[in-house]
Amino acid sequence: MVTLDLRHVASPAVRDLLHLVNEPDFDRAQQQIERLGGCTEPVRLTGHTTTVDTTNGEVLRSCTTSDEPTGTLLTTCGNRRSSRCPACSRIYAADTYHLIRAGLTGGKTVPDTVRTHPRVFATLTAPSFGPVHNRPTSTNGGPRPCHCGKLHEPTDALLGTPLNPKTYDYAGAVLFNAHASALWARFAIYLRREIAARLGLTQKAARAVLRVSFAKVAEYQKRGLVHFHAIIRLDGPDGSTQPPPPSATVTLLADAIRAAAARVRVTVVSDAIGERELAWGEQLDVREIAAFGTDDELTDQAVAAYVAKYATKSADASGTLDRALFCRPCQGRGATLLPHGTPLPCTACSGTGQARPLPRLAVARHVRQMIRTCWELGKLPEFAALKLWKWAHMLGFRGHFSTKSRCYSVTLGALRDARRTWRTEQARAQTGLPDLDPTTTLVVGHWAYHGSGYSPGAGLLAAAVWHRRQLERQFVSEEGCR
C-alpha cells in the first residue's frame with residue numbers, strides 16, 4: 001500500500017481529488033460525475049423520492065440523497081452558453097438543430113410535405129452608428145484597406161471598434177440593442193400586412209388562407225450590435241400540415257420581407273439625449289432555402305447547422321462578459337457609488353457585495369464604453385423599463401437568443417421530454433425494475449436547491465470526462481470521413 005503525504009501536494013484541487021479517490025464510496029461519486037457528461041457547473045439537490053404502487057401500497061423504489069457520497073444529487077446545469085458549459089450547450093445546440101431542421105424537412109410531428117412550402121433565410125442587421133474598422137472587399141472579392149489605411153487581419157482586435165470613439169453614437173447603439181426585440185415584433189406585424197396587400201386580401205382574409213411561421217436566432221457583430229437570422233416560411237391556415245395558396249410564392253415572400261423591414265420604426269424620446277428613430281440597417285439579405293442534396297450552398301441542412309451554432313453563443317462572442325455585472329444577492333444595491341452616483345457593477349462578489357470598477361473589467365475599450373453607456377442611460381427614469389443595469393453585460397439586449405412561432409415545428413420542451421423518457425427507460429432497464437403502469441403508480445418526492453458547482457477535486461474529474469468525450473467524438477468524426 002502506498003501512502004501519500006498530502007502536505008507536499010501543492011494544488012488544492014489535486015489534494016481534494018486524492019481525498020475523494022480514497023473515500024470508500026468513490027465509485028458512486030465517479031458514476032454521478034460521469035453521468036453528467038462533463039457539465040462544468042452542476043446543480044446540487046437534496047431530498048428524496050419514493051415510487052409507490054397505489055393498488056397495494058407497496059414501495060417499489062426509494063432513494064434519498066443522504067445515501068449519496070456527498071449528500072447531494074448532481075444534475076446538469078442546462079446552460080446554453082458554450083462559454084459557461086460546453087457540455088450542456090452542445091445538447092442545446094443539438095436540440096436547436098433538430099427543431100430548425102424539422103421545420104424545413106419534416107419530422108418530429110412535422111409532415112415531410114413542409115419542404116415544399118415557400119421558405120427563405122433572412123438576415124436583418126443593425127444600422128450604422130459611426131464608422132468602424134472593417135475588412136471591405138473589392139469587386140473581385142479580395143480584401144481592401146480599411147478607412148484607417150490599414151489592411152486588417154481577420155483576427156485583428158480593432159475590427160468592429162469605432163474609427164473615432166469620440167463621435168461614435170454609443171447611446172444609439174445601446175438603445176438599438178435594447179429595442180431589437182420590439183423592432184422584430186413590428187417587423188412581424190408589417191410582414192403579414194405586406195403579404196396580405198400583395199395577395200389583394202384584407203388581413204382577416206389572409207389569415208384564413210395562410211400563416212407566417214418563423215424561427216430566428218440573434219447574433220452579435222464585432223461592433224457589439226445584434227442582428228437576427230430568421231427562417232421565414234409560408235403555411236396554410238392550420239400551420240405546417242397545409243400548404244399556402246399557389247399565389248403565395250417565394251418571390252412574394254421575399255418582396256414582402258424587404259418592404260416590411262423598410263417600414264419598421266421605433267421612436268425613443270428622452271430629455272437627456274433627444275429624440276431617436278431606430279430602424280433596421282440597409283444590409284438586408286433574403287435568400288431562398290434550397291432542398292438538401294442540391295448544388296445550392298444554402299440548403300436546409302446548412303441553415304439548420306448555421307442557426308444551431310449561434311444559438312449557443314452570447315454577447316461574449318463580441319468580447320464582452322457572459323454573466324451579469326452584479327450578483328443577484330446585492331442586485332447592485334450593495335455596490336459602492338461613484339462620485340456622481342452611478343453604482344459600480346459587481347462581477348464576482350460571492351455574496352460580499354464588493355464591486356469591481358468598470359476600468360478593471362477584462363474587456364476591450366469599445367465594449368467597456370458600451371457597458372458604461374448602459375449604466376448612464378439606466379439612471380434615466382424614461383429608460384427604467386429597459387433594465388439596462390441588469391442587461392449591461394449583454395450591451396443592452398434583453399431578448400431571447402432563439403425564438404420561433406407556435407406552428408413552425410416541435411418545441412424544445414417536447415425534445416427534452418422525449419430525451420427524459422428515453423433516459424428513464426434506460427435507467428429502469430439497467431436497474432431491472434419492471435415496466436410501471438402510470439395509472440397505478442405514484443411518485444412522491446421532495447427536492448431542495450443546495451448549491452452549484454463541484455468541489456475542486458470533482459471538477460478535475462468532470463474536466464477529464466469532457467476531454468475524453470471530445471476525443472471520442474473526434475475519433476468517430478475522423479472515422480466517418482475515411
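Accessible areas here come from the Shrake-Rupley method with a 1.4 Å probe. On that basis, the protein chain of this predicted model exposes about 26,000 Å², and carbon and sulfur atoms supply 53% of that area. The chain is built from eleven helices and eleven strands. Of its 482 residues, 43% count as buried. Contacts often reach across the sequence: among those between residues at least 6 apart, 69% join residues at least 24 apart.

Next comes the inside of the chain. In soluble globular proteins, nonpolar side chains tend to be buried together. Here, the largest nonpolar core has 65 residues, and those with the most contacts inside it are Phe187, Leu191, Ile195, Ile232, Ile257 and Trp280. Both helices and strands feed this core with two or more residues each. On the helix side the contributors are H4 (170-178), H5 (180-198), H7 (250-263) and H9 (365-378). On the strand side they are E4 (119-124), E5 (211-220), E6 (226-235) and E7 (266-270). Apart from this core lies another one, of 21 residues, with Tyr92, Leu99, Ile100 and Ala304 among them. Leucine 191 gives a view from within the 65-residue core. Once its neighbours within four places in sequence are set aside, leucine 191 is in contact with Val212, Ile232, Ala256, Ile257 and Ala260.

A polar residue worth a look is threonine 125, which is found in the loop between E4 and H4. With a relative accessible area of 7%, threonine 125 falls under the 20% cut-off and therefore counts as buried. What does its side chain meet there? A polar atom of the threonine 125 side chain lies 2.9 Å from the backbone oxygen of glutamine 283. Beyond its neighbours within four places in sequence, threonine 125 is in contact with Phe176, His227, Trp280, Gly281 and Gln283. Trp280 also turns up in the list of residues with the most contacts inside the largest core.

Helix H3 runs over residues 86-105, which makes 20 residues. From its first C-alpha to its last, H3 reaches 28 Å, close to the 28 Å expected at 1.5 Å a residue. Of those 20 residues, 14 are buried, so H3 is largely enclosed by the rest of the structure.

The stretch after H3 has some backbone angles to note. Glycine 106 follows the helix and has a positive phi, near 95°. Most residues other than glycine have a negative phi. Lysine 108, though not a glycine, has a positive phi of about 55°, and threonine 109 also has a positive value, near 80°. Lysine 108 sits in the loop between H3 and E4, and so does threonine 109. How covered are they? Lysine 108 is partly exposed at 41% relative accessibility, whereas threonine 109 counts as exposed at 77%.

Charged side chains pair up too, and a search of the whole structure finds 16 salt bridges. One of them joins arginine 28 to glutamate 68, with the closest N and O atoms 2.9 Å apart. This pair links distant parts of the chain, 40 residues apart: arginine 28 belongs to helix H2 (residues 26-35), and glutamate 68 to the loop between strand E2 (58-64) and strand E3 (73-75). Are the two partners buried or exposed? Arginine 28 is partly exposed, with a relative accessible area of 32%, while glutamate 68 is buried, at 14%.

Another bridge stays within a single helix. Aspartate 255 and arginine 258 both lie in H7, three residues apart, or about one turn of the helix. Their side chains meet at 3.6 Å, N to O. Aspartate 255 is partly exposed, with a relative accessible area of 34%, and arginine 258 is partly exposed as well, at 39%.

Glutamate 376 and lysine 379 form a further salt bridge, at 3.1 Å from N to O. Glutamate 376 counts as partly exposed at 31% relative accessibility, and lysine 379 does too, at 37%. Salt bridges also form a network, which links Glu34, Arg468, Arg469 and Glu472.

Notes:
Residues are numbered from 1 along each chain as its sequence is written. This is a predicted model: local features need pLDDT of at least 70, side-chain atom pairs count only at pLDDT 80 or more; totals for chains, interfaces and linings use all residues. Side-chain values use heavy atoms; hydrogens and water are left out. A nonpolar core is a set of buried Ala, Val, Leu, Ile, Met, Phe, Trp, Tyr and Cys residues joined through side-chain atoms within 4.5 Å. Buried means under 20% relative accessible area, exposed over 50%, partly exposed in between (1.4 Å probe, protein chains only). Helices (H or I, at least four residues) and strands (E, at least two) are DSSP runs, numbered from the N terminus. Contact means heavy atoms within 4.5 Å. A polar contact is a pair of N or O atoms within 3.5 Å; within protein, one must be able to donate a hydrogen and the other to accept it, and residues adjacent in sequence count only if both atoms are side-chain atoms. The expected span of a helix is 1.5 Å times one less than its number of residues. A salt bridge is a side-chain nitrogen of Lys or Arg within 4 Å of a carboxyl oxygen of Asp or Glu.
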